[in-house]
Amino acid sequence: MQHCFDLTTIGATDAILETFQLHAARGLLLGRVSVVHSDRYRIYTAQGEMTAEAIGALLYRTDRSAWPAVGDWVAVQAVGPKEAMIHAVLPRRTLFSRRAAGDREQEQAIAANIDLALIVCGLDGDFNLRRIERYLTLAHASGVDAAIVLNKSDVCADLGARLGEAVRVAGGAPVVAVTARAAEGIEPVRRLVGPGVTIALLGSSGVGKSTLANQLLGVERQLVREVRESDSRGRHTTTYRELLPLPQGGALIDTPGMRELQLWADQDSLDSAFAEIAALAADCRFRDCSHVVEEGCAVRAAIDAGELDAARWESYRKLRGEIAWHARQTDVQAAQAQKKKWKAIHKAMRKDHKRS
Ligand SMILES: Nc1nc2c(ncn2[C@@H]2O[C@H](COP(=O)(O)OP(=O)(O)O)[C@@H](O)[C@H]2O)c(=O)[nH]1
Ligand SMILES: [Mg+2]
Ligand SMILES: [Zn+2]
């Protein structure tokens, strides 16, 4: 038996359906990517779930971030009852990315067309405001709304204090505390999901993303990492990203924990995530104030007056340094590529010259 999906409940908006018209006229189907396994994809279509590959023209693009990602809306050609070829990726409303591991400055797409990123953080030893700020900066860079989910409230002795600290770095994003282990403990998250809404669970390994996913799905769908007391190493763990339709409408994307969350963001996204620092900076005497040594610095004055948390300032400064470093690397890379290109052109010209 074939399950049919109402694609609107998993987020096919009028805008998506309208953009798709062009492809529908060519006999293609609308699909949404649920899993990416190197060059194989799983997709939801109105005719059920299919496996797919992408046509060469899509993959020969050097910009990897243009390849189909989990959450992408795609135009596919059915080549069998459960097999399809992806012909096009529809324009993305949002794209949550990080910098790909390695030396090259390259964007790695994590999930496309997310409406709400749930930044999950444990209230046990995992609690880390600096990591929340890093995720928030990435969310701003991707144009995705975020909410902060503090999990394991059952093991937290000072919930009020933790909530207060999280609210102070959230920049207006909602902060909720939950106990993913208990069905009734996730009400605040349930209220954030609904038909047409795609949420993504982000956060380190072990914070309870899969436990939360299972509660929302109403079934033990995602493998939960059971921590062994002896060595606290997990047995089961989420190894790949997957988009899952929710029974109450909407979809969720569970992700494996990302050990290394490198920034793919610019100064503007950072300033959005640290809006109070950006606002203070407007009052510095020098427009290009680095807020480190300059006279008349409003940021340093706020720290001295106890109005700005020094740790938060340090966090901003560290992320600013990272962003600047990657920007310089990108420039170097671009210059090298340009040099290589001219070398090739000159070589071709010399050859031509000899021939004539
Ligand atoms: N005390 C407590 N433990 C939880 C809660 N939610 C999840 N856990 C435990 O945290 C561990 C990691 O959970 P998992 O869902 O696999 O985390 P993930 O790596 O983020 O997907 C497991 O042992 C869960 O049972 C909670 O609300 N309270
Ligand atoms: Mg998991
Ligand atoms: Zn300053």
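What follows is a chat between a visitor and a guide about a predicted model.

Visitor: Let's start with the overall picture. How many helices and strands does the chain have?

Guide: The model is predicted, so keep that in mind throughout. The C-alpha atoms fill a box of roughly 70 × 70 × 45 Å along the principal axes. As for secondary structure, the chain has 10 helices and 13 strands.

Visitor: And what percentage of the residues in the chain are buried?

Guide: The chain runs to 356 residues. A residue counts as buried when its relative accessible area is under 20%. By that cut-off, the buried share is 45%.

Visitor: Among contacts between residues at least 6 apart in sequence, what share joins residues at least 24 apart?

Guide: Contact here means heavy atoms within 4.5 Å. Taking the pairs in the chain that are at least 6 apart, the share joining residues at least 24 apart is 64%.

Visitor: On to the metal. Which residues are the protein donors of the zinc ion (ligand 3)?

Guide: Look for the donor atoms lying 2.1 to 2.4 Å from the zinc ion (ligand 3). Along the chain, the donors follow the spacing C-x4-C-x1-H-x5-C. Put names to that and you get Cys284 (SG), Cys289 (SG), His291 (ND1) and Cys297 (SG).

Visitor: What geometry does the site of the zinc ion (ligand 3) have, with its 4 donor atoms?

Guide: Four donors count as tetrahedral if all angles lie between 85 and 135 degrees. At the zinc ion (ligand 3), the angles among the donor atoms are 101 to 116°. The site is therefore tetrahedral.

Visitor: Is Cys297 buried or exposed?

Guide: The cut-off for buried is under 20% relative accessible area. Another zinc donor, Cys289, has 9% and so is buried. Cys297 has a relative accessibility of 7%, so Cys297 is also buried.

Visitor: Now the second largest pocket. Which element gives the largest share of its lining?

Guide: The second largest pocket holds about 450 Å³ of space, and 20 residues line it. Strand E1 (29-37) and strand E7 (107-112) each supply at least two of them. The largest share, 4 residues, comes from E7.

Visitor: How many residues of that pocket's lining are nonpolar, how many polar and how many charged?

Guide: Lying nearest the centre of the second largest pocket are Val36, Pro68, Gln108, Ala109 and Arg241. Across the lining, the split is 11 nonpolar, 6 polar and 3 charged.

Visitor: What about enclosed space: which elements give two or more residues to the lining of the largest cavity?

Guide: The structure holds 1 cavity of 30 Å³ or more, and the largest cavity has about 30 Å³ of space. Its lining is made of Ile119, Val120, Cys121, Arg131, Ile132, Tyr135 and Gly203. The elements giving two or more of these are E8 and helix H3 (129-142).

Visitor: Which loop holds Asn113?

Guide: Most residues other than glycine have a negative phi. Asn113 has a positive one, near 60°, and is buried, at 7% relative accessibility. Asn113 lies in the loop between E7 and strand E8 (116-122).

Visitor: Is Lys152 buried, partly exposed or exposed?

Guide: Lys152 also has a positive phi, about 70°, although it is not a glycine. Lys152 lies in the loop between strand E9 (145-151) and helix H4 (159-170). Its relative accessibility is 24%, and the partly exposed class runs between 20% and 50%. Lys152 is therefore partly exposed.

Visitor: How far apart in space are Leu319 and Leu263?

Guide: Leu319 is in helix H10 (residues 310-355) and is buried, with a relative accessible area of 3%. Leaving aside neighbours within four places in sequence, Leu319 is in contact with Arg134, Thr137, Leu263, Leu270 and Phe274. Leu319 and Leu263 are 56 residues apart in sequence, and C-alpha to C-alpha they are separated by 8.2 Å.

Visitor: Last one: which residues does Gln333 touch, not counting those up to four places away in sequence?

Guide: Gln333 lies in helix H10. With a relative accessible area of 18%, Gln333 falls under the 20% cut-off and so counts as buried. Leaving out residues up to four places away, Gln333 touches Asp103, Arg104 and Glu105.

Key:
Residues numbered from 1 in each chain as written. Chains lettered and ligands numbered in written order. Predicted model: local features only at pLDDT ≥ 70, side-chain atom pairs only at ≥ 80, totals over all residues. Heavy atoms only, no water. Donors = N, O, S within 2.8 Å, 3.2 Å for Na, K, Ca; no water. Tetrahedral: all angles 85-135°; square planar, octahedral: opposite > 155°, others 65-115°. Buried < 20%, exposed > 50% of the residue type's maximum accessible area, 1.4 Å probe, protein only. 1 Å grid on protein atoms, 1.4 Å probe; cavity = no way out; pocket = protein on both sides within 12 Å on 5 of 7 lines; lining within 4 Å. Points joined across faces, edges and corners; volume = space filled by probe spheres on them. Nonpolar A, V, L, I, M, F, W, Y, C, P; charged D, E, K, R; others polar.
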